[in-house]
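Work through the exercises below with the sequence and the model open. Each task is followed by its solution in steps.

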Amino acid sequence: MSDSHTEATSTPVESVSAGPASSPGEHVVLHESDLKPGEHKVVRIKSLELGIYNIAGSFYAVHSMCPHQYGPACLGPVTSKSICDESTNWKFQWTRAGEILVCPWHGMQFDILNGESLSDKKLRLRTFPVRVVDGEVRVQIGGRRASPAA
Ligand code: FES
């Protein structure tokens, strides 16, 4: 993993129509080839805006509504986290490149993998289950969750 501080700009919001899926509440948001590792896209399903992130080949879906003051969280850049503790011999290092989302309104940082705020554990972005089936990236929004693909 790179120790450099990286950022990527957001893409415009793209409306997607719910594609066919095998499970109630599951939506096909894009094809896995649409997002290379390190890329993300903001999509809209009805009134819900979601950031879809490809992090090292795994896909994540995050509600683009910041729990701080409801800013468009997924329009912010993706970055890394700095640490300075015993594990780094008390020297600042960048870690988890491409896994941290920065809300564009007030700069709060969130872990894309689980939605947690890095500065306030009471605040969390809503995350949604994602699975890839036959190249389709499917997000579960409500309804019963399908079994993971084999
Ligand atoms: S609305 Fe996101 S940090 Fe304030």
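**Exercise 1.** In what order do the three strands S6, S7 and S8 form an open sheet, and is the pairing parallel or antiparallel?

Solution. The model is a predicted one: local features need pLDDT of at least 70, side-chain atom pairs count only at pLDDT 80 or more, and totals for chains, interfaces and linings use all residues. Residues are numbered from 1 along each chain as its sequence is written.

Step 1. Helices (H or I, at least four residues) and strands (E, at least two) are DSSP runs, numbered from the N terminus. Two strands pair if DSSP finds at least two bridges between them.

Step 2. The order is S6-S7-S8, and the pairing is antiparallel.

Step 3. The edges are held by strand S6 (78–83) and strand S8 (109–111); each has a single partner strand, so one side of each lacks a neighbour in the sheet.

Step 4. From one strand to the next, the twist averages 65°. Axes here are lines fitted to C-alpha atoms, for helices over the stretch in contact, and angles run from 0 to 180 degrees between N-to-C directions.

Step 5. Three bridges pair strand S7 (residues 93–102) with S8 in the antiparallel sense. On the S8 side, aspartate 111 is the bridge partner of isoleucine 100.

**Exercise 2.** Give the strand order of the open sheet that contains S11, and name its edge strands.

Solution.

Step 1. The order is S2-S11-S10, with antiparallel pairing.

Step 2. Strand S2 (26–31) and strand S10 (130–133) are the edge strands; each has a single partner strand, so one side of each is left without a neighbour in the sheet.

Step 3. Direction ignored, neighbouring strands of this sheet are turned by 30° against each other on average.

Step 4. S10 and strand S11 (residues 136–140) run antiparallel and are joined by four bridges. Valine 133 has glutamate 136 in S11 as its bridge partner.

**Exercise 3.** Locate alanine 56 and tryptophan 90, and state the sign of phi for each.

Solution.

Step 1. Most residues other than glycine have a negative phi.

Step 2. Alanine 56 has a positive phi, near 55°. Alanine 56 sits in the loop between strand S4 (48–55) and strand S5 (58–63).

Step 3. Tryptophan 90 also has a positive phi, about 60°, and lies in the loop between S6 and S7.

**Exercise 4.** Is alanine 56 buried or exposed, and is tryptophan 90 buried or exposed?

Solution.

Step 1. A residue is buried if 20 or more other C-beta atoms lie within 10 Å of its own, exposed if 12 or fewer, and partly exposed in between; C-beta atoms are placed from the backbone.

Step 2. Alanine 56 has 10 other C-beta atoms within 10 Å, so alanine 56 is exposed.

Step 3. Tryptophan 90 has 8 other C-beta atoms within 10 Å, so tryptophan 90 is exposed.
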